[in-house]
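Subject: Structure handover

Hello,

Here is the structure for your work. The findings follow below it, with the charged side chains taken up before the helix packing.

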Amino acid sequence: MEPILKIENLKTSFMTGNGEVQAVRGVSFTVGKGEILGLVGESGSGKSVTAMSVLRLLADTARIKEGTITFEGQDLIQMPKKELRKIRGERISMIFQDPMSSLNPLIPVGRQVEEMIKEHDPGRKKEEVKEDVLELFRKVRIPEPEKRYKCFPHEFSGGMRQRVMIAMALANKPGLLIADEPTTALDVTIQDQILKQLRELEKEYGTSIIFITHDLGVVAELCDRVAVMYGGLIMEEAMIDDIFERPGHPYTMGLLASVPDMDQDKAIRLQSIPGSPPDMTNPPKGCPFAPRCPYARQLCATELPDFVQVGEGHRSRCFLQYPDAPADENNPFRKRPYQL
């Protein structure tokens with residue numbers, strides 16, 4: 001699949017009074033045209049900072065220290081801000097986690113979506129732009145679009161506001177849509193509706209999507225491929241079916257074990273991952289998950305493992321997946337065929 005986005009060795013840090021926070025420490029991945037990639041990990045793993053780095057929507061204290069971000073053949077890191085502004089909202093759009101803080105409370109939602117279109121196509125007639133907005137509202141299933149066009153954000157429910165944000169993000173038919181945990185604050189019914197709409201819109205427009213979440217259930221519903229992040233690094237990457245059927249990293253196994261199962265005995269408590277995420281002002285030399293990993297060896301604490309191919313399109317950053325790893329009882333992957 002031809003990539004629309006290619007990130008190589010991205011390193012992004014925040015310069016604070018307590019030192020440098022190394023939020024992203026060498027992330028590389030691609031997103032194919034028309035593909036939905038899930039970026040998964042607990043809070044602080046570097047998911048949102050990676051996404052913000054793509055559009056350079058970072059705080060003043062942030063620095064992209066190394067790496068390349070190539071979108072449709074253009075390097076976004078080296079691109080002048082004036083040129084990048086033309087791409088934001090037109091070729092790359094973003095849906096944020098909290099729509100109430102993203103929408104202007106003093107402007108009707110219809111006009112806010114209009115502004116997104118006019119910014120990139122100022123020559124359009126007002127009547128044409130309004131009709132485009134109403135059509136977008138219909139596509140994202142906002143009832144009575146003519147009436148809702150004049151409403152303010154506070155007159156909408158959380159799910160409806162998120163639909164407005166999706167309409168705004170799709171206003172210029174972008175090639176890439178970044179959705180940063182857009183369903184976190186919604187109940188499961190509305191969440192399901194939003195996910196189905198994203199999948200339908202991806203098929204209709206052919207838009208590639210990076211879907212950021214900590215919820216593997218959401219990933220299973222929506223994504224084609226998934227990258228698991230921890231400690232500012234990608235620890236595992238695979239097709240969606242493969243990640244659930246044969247997870248290749250202890251961190252992924254821990255995430256899957258914490259997901260509720262409808263058929264599970266209610267008397268059995270859900271598993272959790274003990275310990276805390278690493279301090280990114282002083283990240284560990286070895287595998288960042290080693291202090292919390294039940295299978296960690298001495299080597300894991302001192303050296304960072306390289307990626308190992310454990311299947312077609314499936315790679316894992318774990319010493320226990322190496323071909324020469326001992327096949328003892330403390331290796332959960334000992335029965336798997338190794339492939340380099």
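A search of the whole structure, which is a predicted model, gives 24 salt bridges. Three of the pairs are described here, followed by a network, a helix and a surface patch.

Lysine 6 and glutamate 8 form a salt bridge through their side chains, at 3.8 Å from N to O. Lysine 6 is partly exposed because its relative accessibility is 37%, between the limits of 20% for buried and 50% for exposed. Glutamate 8 also has a relative accessibility of 37% and counts as partly exposed.

A salt bridge also joins aspartate 121 to arginine 124, with an N to O distance of 3.8 Å. Aspartate 121 has a relative accessible area of 32%, so this residue is partly exposed. For arginine 124 the value is 26%, which again means partly exposed.

The side chains of glutamate 204 and lysine 139 meet at 2.5 Å, N to O, in a further salt bridge. This pair connects distant parts of the chain: glutamate 204 belongs to helix H8 (residues 188-205) and lysine 139 to helix H5 (residues 126-139), and the two are 65 residues apart. Glutamate 204 is partly exposed, since its relative accessible area is 47%. Lysine 139, at 25% relative accessibility, is partly exposed as well.

Which residues are linked with Lys139 and Glu204 in a network of salt bridges? They are Glu131, Glu135, Arg138 and Glu146.

On helix packing, the element to look at is H4, which covers residues 109-120. Its buried residues are Val109, Gly110, Gln112, Val113, Glu114, Ile117 and His120. The list therefore holds Glu114, with under 20% relative accessible area as the cut-off for buried. Among the elements that cover the buried residues of H4 are helix H2 (81-87), H5, helix H6 (145-148) and helix H7 (158-169). Helix H5 thus appears both in this cover and as the helix that holds lysine 139.

The remaining item is on the surface. Arg111, Lys126, Lys130 and Lys150 form a positive patch there. Lysine 130 of this patch is located in helix H5. Its relative accessible area is 34%, so lysine 130 is partly exposed, and this value meets the patch requirement of over 30%.

Regards

Technical notes
Residues numbered from 1 in each chain as written. Predicted model: local features only at pLDDT ≥ 70, side-chain atom pairs only at ≥ 80, totals over all residues. Heavy atoms only, no water. Salt bridge = Lys/Arg side-chain N within 4 Å of Asp/Glu carboxyl O. Buried < 20%, exposed > 50% of the residue type's maximum accessible area, 1.4 Å probe, protein only. Helix = DSSP H or I, 4+ residues; strand = E, 2+ residues; numbered from the N terminus. Contact = heavy atoms within 4.5 Å. Patch = residues over 30% accessible without salt bridge, like charges linked within 9 Å, V, L, I, M, F, W, Y side chains within 5 Å. Areas by Shrake-Rupley, 256 points an atom, 1.4 Å probe, with all protein chains shown as cover. Lys, Arg positive; Asp, Glu negative; His and termini not counted. Charge placed at Lys NZ, Arg CZ, Asp CG, Glu CD.
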